[in-house]
Structure formats: structure tokens, C-alpha cells
Amino acid sequence: MTETTTLYYFHDPMCSWCYGFAPTWQQLGELLPASITVQYVAGGLAADSDAPMSAEMATHLQGIWRQIEQTCDVSFNHQFWQHCQPRRSTYPACRAVIAAGNKQKEMIAAIQNAYYQQAQNPSDRDTLTACAATIGLAPTTFLTTLQAEATEQELQRQLKFTRQCFVNGFPALRLQHQSALYEIPVRYGAAAAMAQDITNAIL
């Protein structure tokens, strides 16, 4: 393996399946050799919107949460649906991950904790700013970066890259080794098998 080997993790910080995959992703990261660089790519599930989530979508997502609890080693705080006014808007959380700079992994975890454990709404700027504070980012500086044009441009670049890699759902993994790009299947609860998939791709 050479320094040209990059593992792209396509995600959305408000994607419930990404949250379900988090324990496996953590384990996979511990199995990867240092020669593989990991890059996070915000694929974006839902554009900016102030409109309340429809009742149909809310019911659908609650069903997905229950399905993930049965499939993955995670739990959800279902009181979110009573405590918050959900919106189908995940781009703000994607920008927050970008604005976190070299603490993207920590920011994703903070957003997932706020959303899925603390029943807070990451579509809201106040929630994202509070998440930034929990990982040691200065709230004022973070908020400035969150709203910066450069952050929006980077989000658009990542959205475009997601489309170019034919990623249609999250989480998703692509391994770039030299000039080739390989799709790595997502296997919930099977980090060792995924590590072997990666090894096989670059042999």
C-alpha cells in the first residue's frame, strides 16, 4: 500500500443508518493500516428548509429508527419526536462537520449524540453551536466558519464528488488506490470482514 490509498466515507451526520454504522466504523478504523488515509465526505440527505417535516416522513423515520435498533448495536431516544419540531434539513449539520476542520469525526459523534440520545434538533444552528462547544471549538469562531462562503463552497464540492462516485445512499465507502476506485460494501457489525474487503481490493 502506498500513500495514494484513500478511504472515502460518504455520510450525513443526521443519517440514522450512519449512526447505526458508527460502532462498526469505529472498529474498522482501528483495523486500518496507517498507510490508508480516511476522508469524510458529506453527501447531504436534505437541503436547507424551514418547513416542518411532514407527518408521513416522521412516521417513516420512526420506523427506520426501530429497524436500526433491531439491526445494529445502538439505541435511539424516541422522545425526540415529542420534544422537537423536526425539519427535513440536513445541510446545516453537513456544514457543521466541515466547519469543525480537523475535528470532523468528533463533530459527527457530537451531532449524533445530540440528535439520537439527547433529543435535540441538529437542523437548528443553536444545537450545532452547542455541539461544537462540546468538542472544544470556540462557539463564536465556529459560527463564523459555519456561515462562511468557503464552507458552502466546500459542501457543494463534496456533494458533487458524492454524485461523481455514484453514491446514492449512506453510509457508503469508496477506496481509491492509485488510479482505481473500489466500492467497499458496508457490513453492519462486521468490521473485520470489511477490513478484509479493503485488503483484497488493493492486492
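Trainee: How far apart are the mean positions of the positive and negative charges of the chain?

Mentor: The model in view is a predicted one. Its chain carries 12 positive and 16 negative charges. When the mean position of each group is taken, the separation between the two is 3 Å.

Trainee: In what order do the helices and strands of the chain follow one another?

Mentor: The chain contains nine helices and four strands. Read from the N terminus on, these elements run β-α-β-α-α-α-α-α-α-α-β-β-α.

Trainee: Which radius of gyration does the chain have, and what would a compact globule have?

Mentor: The C-alpha trace spans about 50 × 40 × 30 Å along its principal axes. For 203 residues, a compact globule would have a radius of gyration near 17 Å. The chain agrees with that expectation, because its own radius of gyration is 17 Å.

Trainee: What percentage of the residues in the chain is buried?

Mentor: A residue counts as buried when its relative accessible area is under 20%. The chain as a whole exposes about 10,100 Å², of which carbon and sulfur atoms supply 49%. Of the 203 residues, the buried ones make up 49%.

Trainee: Among contacts between residues at least 6 apart in sequence, what percentage joins residues at least 24 apart?

Mentor: One pair illustrates how places distant in sequence can meet: C18 and F170 are 152 residues apart along the chain, while their C-alpha atoms are separated by 6.4 Å. C18 is also in contact with F170. For the chain, the percentage of such contacts joining residues at least 24 apart is 75%.

Trainee: Is C18 buried or exposed?

Mentor: C18 lies in helix α1, which covers residues 16–31. Beyond its neighbours within four places in sequence, C18 is in contact with Y9, H11, D12, Q112, F170 and P171. Its relative accessible area is 1%, so C18 is buried.

Trainee: Where in the chain does S123 lie?

Mentor: S123 has a relative accessible area of 4% and is therefore buried. As for its place among the elements, S123 belongs to the loop between α5 (104–117) and α6 (125–134).

Trainee: Which residue has its backbone oxygen 2.7 Å from a polar atom of the side chain of S123?

Mentor: Leaving aside neighbours within four places in sequence, S123 is in contact with M14, R87, S89 and P92. A polar contact requires N or O atoms within 3.5 Å. The backbone oxygen that lies 2.7 Å from a polar atom of the S123 side chain belongs to S89.

Technical notes:
Residues are numbered from 1 along each chain as its sequence is written. This is a predicted model: local features need pLDDT of at least 70, side-chain atom pairs count only at pLDDT 80 or more; totals for chains, interfaces and linings use all residues. Side-chain values use heavy atoms; hydrogens and water are left out. Helices (H or I, at least four residues) and strands (E, at least two) are DSSP runs, numbered from the N terminus. The radius of gyration is taken over C-alpha atoms; the globule rule is 2.2 Å times the number of residues to the power 0.38. Buried means under 20% relative accessible area, exposed over 50%, partly exposed in between (1.4 Å probe, protein chains only). Contact means heavy atoms within 4.5 Å. Accessible areas come from the Shrake-Rupley method with a 1.4 Å probe; for residues, only the protein chains shown count as cover. Lys and Arg count as positive and Asp and Glu as negative; His and the chain ends are not counted. The place of a charge is taken as NZ of Lys, CZ of Arg, CG of Asp or CD of Glu. A polar contact is a pair of N or O atoms within 3.5 Å; within protein, one must be able to donate a hydrogen and the other to accept it, and residues adjacent in sequence count only if both atoms are side-chain atoms.
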